[in-house]
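Please open the model in your viewer with the whole chain displayed, and keep a selection tool at hand. The tour begins with the overall fold and then moves through individual selections.

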Amino acid sequence: MALLDYRLDENVAVMTWHNGENRFNPDFLTAILTAMDEIEARTEATVLVVESAHEKIWSNGLDLAWLLPTMEAGEETVYKAFFHQLNEFLRRLMTSPLLTVAAITGHAAAGGAIAACAFDFRFMRTGRGYFFFPEVDLGMPFLPGMVALLRDIIPPLDFREMSLTAKRMTAEQGVASGIMLGAYNIDELTDQAIAWGKAHSKSRKIVGVMKSMLYARILQIMETEDAQRIEAGRLEA
């Protein structure tokens with residue numbers, strides 16, 4: 001089975017991830033970035049909605065089963081290239097001329113929750129799934145650009161508690177904190193995200209310009225501080 005697919009529903013491109021727990025590794029990130037290229041080049045979509053085919057998980061973050069052995073083996077060129085690619089994925093979401101919407105169909109953990117924050121907007125399912133950052137337990141601190149991104153999305157007290165204690169947030173709590181636009185039953189979630197997208201079709205040109213200004217500070221940190229830290233290998237506690 002393909003790692004992902006996408007379909008068009010009027011002006012909305014709906015991408016579905018089929019990669020199990022949708023953990024990020026080079027192959028999966030390449031598939032996502034390629035699909036984003038195709039959507040922008042071959043369609044007239046103005047909104048991108050991303051859901052997961054997994055019944056419980058939207059994304060569980062980095063593929064540690066691949067990454068940790070790679071780092072332990074000292075394959076610096078490989079794992080450094082991966083972190084650069086991960087940042088490229090986050091940058092692409094923030095610079096896409098499409099409005100990007102995460103339809104969080106289950107758990108969004110660690111890198112998955114960070115990725116969700118790189119989308120312009122988020123909806124989350126009720127009843128099952130948490131939004132959280134277990135990096136404090138994994139011994140893998142955020143990169144500076146990730147901190148800047150998360151601070152832009154998550155209220156300060158919530159971010160402090162979530163980052164230092166790995167506190168888990170429900171969909172309803174996410175809505176109350178302003179992180180999520182809406183919380184819906186799994187049977188309604190993607191449809192609601194698509195309906196929102198159809199009601200907010202905007203010019204790609206103006207969206208691209210606006211986003212370049214809105215995310216300028218975060219993008220600059222990614223391009224400077226993150227790049228320096230990755231090249232220096234400062235990726236673990």
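Begin with the whole chain of this predicted model, where residues 24 or more positions apart account for 74% of the contacts with a separation of 6 or more. Coloured by secondary structure, the protein chain shows 11 helices and nine strands. Its radius of gyration is 17 Å, close to the 18 Å that the globule rule gives for 237 residues, so the chain is as compact as a globular protein of that length. If you orient the view along the principal axes, the C-alpha atoms fill a box of roughly 45 × 40 × 35 Å, and a colouring by accessibility will mark 51% of the 237 residues as buried.

Next, select helix α3 (residues 76–95) together with helix α11 (residues 216–232), whose axes come within 10 Å and cross at roughly 175 degrees. Because an angle over 145 degrees counts as roughly antiparallel, α3 is roughly antiparallel to α11. To see the contact itself, show the side chains of K80, F83, H84, N87, L90, R91, M94 and T95 on α3, and those of I218, L219, M222, E223, D226, A227, I230 and E231 on α11. Sorted by class, this contact of α3 with α11 has eight nonpolar, three polar and five charged residues.

Stay on α3 and add E88 to R91, since the side chains of these two residues meet in a salt bridge with an N to O distance of 3.0 Å. Both residues lie in helix α3, three residues apart, which is about one turn of the helix. A surface display separates the partners: E88 is partly exposed, with a relative accessible area of 30%, whereas R91 is buried, at 19%.

Now extend the selection to R92, which forms a salt bridge with D37, the closest N and O atoms being 2.9 Å apart. Here the pair links distant parts of the chain, with D37 in helix α1 (residues 26–42) and R92 in helix α3, 55 residues apart. The relative accessible area of D37 is 41%, so D37 is partly exposed, while R92 is buried at 13%.

For another pairing, select K211 and D120, whose side chains meet in a salt bridge at 2.9 Å, N to O. This pair too links distant parts of the chain, 91 residues apart: K211 is in helix α10 (residues 204–214), and D120 is in the loop between α4 (111–118) and β7 (121–125). Are K211 and D120 buried or exposed? K211 is buried, with a relative accessible area of 3%, and D120 is buried as well, at 10%.

The structure holds 10 salt bridges, and one further place to visit is the network of salt bridges that links D9, E10 and K198. Within that network, centre the view on E10, which is in the loop between β1 (4–9) and β2 (12–17) and counts as exposed at 63% relative accessibility. Its backbone also deserves inspection, for E10 has a positive phi of about 55 degrees although it is not a glycine. As background, most residues other than glycine have a negative phi.

Finish at N22, found in the loop between β2 and α1, where phi is near 55 degrees, again a positive value in a residue other than glycine. With 0% relative accessibility, N22 counts as buried, whereas E10 counts as exposed.

Technical notes: Residues are numbered from 1 along each chain as its sequence is written. This is a predicted model: local features need pLDDT of at least 70, side-chain atom pairs count only at pLDDT 80 or more; totals for chains, interfaces and linings use all residues. Side-chain values use heavy atoms; hydrogens and water are left out. Axes are lines fitted to C-alpha atoms, for helices over the stretch in contact, and angles run from 0 to 180 degrees between N-to-C directions. Helices (H or I, at least four residues) and strands (E, at least two) are DSSP runs, numbered from the N terminus. Angles under 35 degrees count as roughly parallel, over 145 as roughly antiparallel, 65 to 115 as roughly perpendicular and the rest as oblique. Contact means heavy atoms within 4.5 Å. Ala, Val, Leu, Ile, Met, Phe, Trp, Tyr, Cys and Pro count as nonpolar, Asp, Glu, Lys and Arg as charged, and the others, Gly among them, as polar. A salt bridge is a side-chain nitrogen of Lys or Arg within 4 Å of a carboxyl oxygen of Asp or Glu. Buried means under 20% relative accessible area, exposed over 50%, partly exposed in between (1.4 Å probe, protein chains only). The radius of gyration is taken over C-alpha atoms; the globule rule is 2.2 Å times the number of residues to the power 0.38.
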